[in-house]
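User: I am new to this structure and would welcome a formal introduction to its salt bridges. Please explain each term as it arises.

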Amino acid sequence: MSNRGGPVGPGRGGHGFQKPNDSKKTISKLFKYLGANKLNLVLVAIMIILSSLITIIGTSLMRPIINDYILPGDLAGLVIMLIILLGIYLVGAALMYTYSRIMVKIAQTTVTKIKTDLFHKMQLLPIKYFDTNTHGDLMSRYTNDIDNVTQMLSNSLGNLIGQSFTFVGALVMITYLSIPLTLIKVASLVLMFILIKVIGKKSQDNYRDQQKNLGAVNGYIEEMIEGQKVVKIFTHERKVIDEFSVLNENLRQAATKAETFAGMMMPLMGNISHVMYAVLASVGGILTINGLFDVGGLVTFLQLNRMVSNPITMISQQLNVIYAGLAGAERIFDMMEQEVEIDDGDVTLTPIRKDENGLITACEERTCDWAWRVINDDKTETLIELKGDVRFNDVVFGYDEDVQVLKKINLFAKPGQKIAFVGKTGAGKTTITNLINRFYDIQEGSITYDGIDIRRIKKDDLRRSLAMVLQDTHLFTGTIADNIRYGNLNATDEDLINASKLANSYSFISRLPEGFNTILTGDGNNLSQGQRQLLSITRAAVANPPVLILDEATSSIDTRTEKLIEKGMDGLMANRTVFVIAHRL
């Protein structure tokens, strides 16, 4: 859609990234998605608990192995205990492998649902949202943000739960073994938790900034790829390199800050853990020498001490992934929470039949005639034949409510009448057509269609009764037939041929090696601009609507080709209400 006369976006990088006020809200939404896998989550939780218990039990067996078998020199008993220990750890490894695989499945299922909901929500958002956000920033929701959520769910969530259970279990065991040594350990844990809270908050904030700048970089890259010809024509390579360098440097600074805090977490926790290990070994050694502790108990305590410290270190590392995942999820849910197109219309389109007296009746099968089905106040229905009578009554509109583009506009187009809009760029020509199909809603006045206020008509039905040929032609990846049939998915091959002859595109299509089955790629870049616009006209022709909007429809067609399609356009416009935006009358 052309943005001429339209709103101006806030700049590269989209509408800007707003830091969420409530991370708990994001986590709550994620768990709602995870709720679809309740049974698998319960199974994973059970296996995680068992795996953690097995690890703790295996480590706790070190005390009797040392005290009862190694120190007394009982080799046979030692071999049996080692076999038991091996079996325990093999069971733990099997459980860990199984729940990891299940978590990957849960993550992929959850992310697939999120992507589906996000794409569905995107279809419901108003045109204004896409006019004020760069495509690159929106695409980053589907790529970088989704990837971060996937990483968080598939790897970090299971590890976080498992390490938490291991931490609690190991803490209980060391308390049972030695309360004095446990008090020393608890003091170090308090220090660790304080550092995690302070550094974690910094890390989370910087990850948000990193995602914001990443969206800006992606948006700029996409914009430059689409406009590469313009860049080269005006030799602005150096200019765009400089602009990209600024955006890339902002991303580097944000990423550096995020990774700096993320990177310092694990070494800091590791060093505190090593220092405390030395302190506990020294104090424990003194207690053992004085007969207040046994050798097996000391070795087991030191091993369990690592099982208390390691989860904190691992959790601190996983928190960085979780912060990145939450930042991505927050951006995704931010898009999902945008206001959808308001559609409170109750008037719908229905196919009709006409008898010899001109009376119309609704029917189920698709016909060439249509009517508006209007629900009256008394719940009765009235059929109003679709003819294409469009009227503007004192219409006031501005993309920004403080800046009016149209002021008290009055116009009418009777069925079959051709209306041309001519004026300087920015005068509001395209704006008028955008209001007819309700891409935007007016602030004052009314627009009627066959005597019905268009705000009463359901948007899908309203737009189904219109066809537009835009100056900025967009073609989808697929065959020429697929692109023409986009105007009417029920069109037969014969309908496509008739429409292409009407729009005078049949000649060039039939000369292509694959004809209507020719594959178009890259927005139809394997066709000339004029051929692409002819396909756009053909797509409107196959829709066969009562109202046709031509927005500079022949701007990319040479004079000779324009002459060739004049008769076709006359045929296309016959018996239709037509709004024409053109600089050449």
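User: To what count of salt bridges does the rule come?

Analyst: This is a predicted model, in which local features need pLDDT of at least 70, side-chain atom pairs count only at pLDDT 80 or more, and totals for chains, interfaces and linings use all residues. Residues are numbered from 1 along each chain as its sequence is written, and side-chain values use heavy atoms, with hydrogens and water left out. A salt bridge is a side-chain nitrogen of Lys or Arg within 4 Å of a carboxyl oxygen of Asp or Glu. By this rule, the count of salt bridges is 18.

User: How many residues apart are K239 and E243 in helix 9?

Analyst: K239 and E243 form a salt bridge, with their closest N and O atoms 2.6 Å apart. Both belong to helix 9 (residues 237–289), where about one helical turn separates them; helices are DSSP runs of H or I, at least four residues long, numbered from the N terminus. Their spacing in helix 9 is 4 residues.

User: Is R438, the salt-bridge partner of D441, buried or exposed?

Analyst: The closest N and O atoms of D441 and R438 lie 2.8 Å apart. Buried means under 20% relative accessible area, exposed over 50%, and partly exposed in between (1.4 Å probe, protein chains only). D441, at 32%, is partly exposed. R438 has a relative accessibility of 3%, and therefore counts as buried.

User: Which residue meets R485 in a salt bridge?

Analyst: R485 is buried, at 18% relative accessibility. Its partner is exposed, with a relative accessible area of 55%. The N-to-O distance is 2.9 Å, and the partner is D493.

Methods. Helices (H or I, at least four residues) and strands (E, at least two) are DSSP runs, numbered from the N terminus.
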